[in-house]
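The following report describes one protein chain for a reader who works with coordinates. Please look over the sequence and the model before reading on.

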Amino acid sequence: WTCYTAPLSTTEFETPKLSIYPNPVKNNTLYVTGKNIEKIKRVEIYNVNGILVQVIEKPFNNKNYLVLKNLPKGIYFAKFDDNAQKFLVE
């Protein structure tokens, strides 16, 4: 038999790191910072029950914030393409 010493590996990739603030959200504005946020094509907002409550296409053209549609108080998840963040609405 032959023993191969080639390392096992996978293609490494880095998920973009995003930060959101303020958390809890006030005044229906959620600010987002991170590298290359302008490349995000779509943001989906889900409530704690997993129901899609808002979709924003091309959200960061010349700005770094989202305007949320009068969401009731509660816990929500913002899905940024392949990244997700949890936030509260007061």
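In which loop does asparagine 62 lie? Asparagine 62 is found in the loop between strand S4 (52-57) and S5, where strands are DSSP runs of E with at least two residues, helices are runs of H or I with at least four, and both are numbered from the N terminus. This is a predicted model, in which local features need pLDDT of at least 70 and side-chain atom pairs count only at pLDDT 80 or more, while totals for chains, interfaces and linings use all residues. Residues are numbered from 1 along each chain as its sequence is written, and side-chain values use heavy atoms, with hydrogens and water left out.

**Overall make-up**

The chain has zero helices and seven strands, and its elements run β-β-β-β-β-β-β from the N terminus on. Of its 90 residues, 28% are buried, where buried means under 20% relative accessible area, exposed over 50%, and partly exposed in between (1.4 Å probe, protein chains only). Among contacts (heavy atoms within 4.5 Å) between residues at least 6 apart in sequence, 46% join residues at least 24 apart. The accessible surface, from the Shrake-Rupley method with a 1.4 Å probe and, for residues, with only the protein chains shown as cover, comes to about 6900 Å², and 52% of that belongs to carbon and sulfur atoms.

**Aromatic rings**

The structure holds four aromatic pairs, a pair being rings of Phe, Tyr and Trp (its six-membered ring) with centres within 6.5 Å, called stacked if the planes are under 30 degrees apart, edge-to-face if over 60, and tilted for the rest. Two of these pairs are set out here.

| Pair | Centre distance | Plane angle | Class |
|---|---|---|---|
| Tyrosine 31 and tyrosine 65 | 5.8 Å | 55° | tilted |
| Tyrosine 76 and phenylalanine 87 | 5.8 Å | 20° | stacked |

The tilted pair links distant parts of the chain, with tyrosine 31 in strand S2 (residues 29-34) and tyrosine 65 in strand S5 (residues 65-67), 34 residues apart. Tyrosine 31 is partly exposed at 30% relative accessible area, and tyrosine 65 is also partly exposed, at 30%. In the stacked pair, tyrosine 76 lies in strand S6 and phenylalanine 87 in strand S7 (residues 83-89), so the pair ties together parts that are eleven residues apart in sequence; both residues are buried.

Ring pairs also join Tyr21, Tyr31 and Tyr65 into a cluster. Over the face of tyrosine 65 lies lysine 63, at 5.1 Å from the ring centre, given that a charge sits over a ring if NZ of Lys or CZ of Arg is within 6 Å of the ring centre and within 35 degrees of the ring normal.

**Backbone features**

Tyrosine 21 and proline 22 are joined by a cis peptide bond with omega about -10°, and another cis peptide bond, with omega about 20°, joins asparagine 23 and proline 24. Proline 22 lies in strand S1 (residues 18-26), as does proline 24.

Asparagine 62, which is not a glycine, has a positive phi near 65° and is exposed, with a relative accessible area of 85%. Aspartate 81, in the loop between S6 and S7, likewise has a positive phi, of about 50°, but is partly exposed at 27%.
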